[in-house]
Amino acid sequence: MRRTVLKLGAAASLAVLASPALAHVGAGHADGFAAGVAHPLMGLDHLLAMAAVGIWSAVAMPSRILVVPATFIAMMIAGAAMAFAGIGLPAVEGMVALSVLVLGMMIVAGAGLPGLLGIGLAGFFALFHGHAHASEATGMALAYVGGFTLSTAALHLAGVGIGLRLASSPWVRAGLGVVVAGSGATLVFGG
């Protein structure tokens, strides 16, 4: 229990430091596979959202644990394709930040949120994450997409692992969800 409290304290400290990250449009050069792999890891908003998808999936849909991550990845690629095709989405940065808040609240709700609604919300927000990622592509776009897709899948799987460990402790799960949602609130209202 003491370790859990220390981990939640560390996560809360990170949440306080949350601000708009460098993983956004205009933040640098995004060319090739390595840049794609790094992109979701460089922004706290992307990192938290990707892990939160896996956590919620493990807690709320353990018998179909990969449905939400697979949906997120498919919709993220669709959002990237929209960006490459020049199809804009409104308030991309705001929606990416809002996704962290909503996904944190989904973790708090756990299995209390209907599965289809959770899948739909994750897929909806994935469009914006994919669009944000692809909007920065400056060169080898397919390699870049492959990189951020691989990195996203790894973050989802890490989240699934965390979620499986938290499934037996609703208080710890809710605490982690509050930290994620609090980070999202900071990103939405503080940035």
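Among contacts in the protein between residues at least 6 apart in sequence, 82% join residues at least 24 apart, a figure that, like every value here, comes from a predicted model. The secondary structure behind these contacts comes to eight helices and zero strands, and the order along the sequence reads α-α-α-α-α-α-α-α. Of the 191 residues in the protein, 48% are buried, while the accessible surface amounts to about 8700 Å², with 74% of that area belonging to carbon and sulfur atoms.

Two of the helices can be set side by side by length and span.

| Helix | Residues | Number of residues | End-to-end C-alpha distance | Expected span |
|---|---|---|---|---|
| α5 | 92-109 | 18 residues | 25 Å | 26 Å |
| α6 | 115-134 | 20 residues | 28 Å | 28 Å |

For α5, the distance from the first C-alpha to the last is close to the value expected at 1.5 Å a residue, and for α6 the two values agree.

The buried residues of α5 include Val-92, Met-95, Val-96 and Ala-97 towards the start of the list, followed by Ser-99, Val-100, Leu-101, Val-102, Leu-103 and Gly-104, and also Met-106 and Ile-107. These buried residues pack against three helices, namely α3 (44-60), α6 (115-134) and α8 (170-190). Just after α5, Gly-110 adopts a positive phi of about 55°.

Helix α6, one of the packing partners of α5, has 14 of its 20 residues buried, and it is therefore largely enclosed by the rest of the structure.

Terms used:
Residues numbered from 1 in each chain as written. Predicted model: local features only at pLDDT ≥ 70, side-chain atom pairs only at ≥ 80, totals over all residues. Heavy atoms only, no water. Helix = DSSP H or I, 4+ residues; strand = E, 2+ residues; numbered from the N terminus. Expected span 1.5 Å × (residues − 1). Buried < 20%, exposed > 50% of the residue type's maximum accessible area, 1.4 Å probe, protein only. Contact = heavy atoms within 4.5 Å. Areas by Shrake-Rupley, 256 points an atom, 1.4 Å probe, with all protein chains shown as cover.
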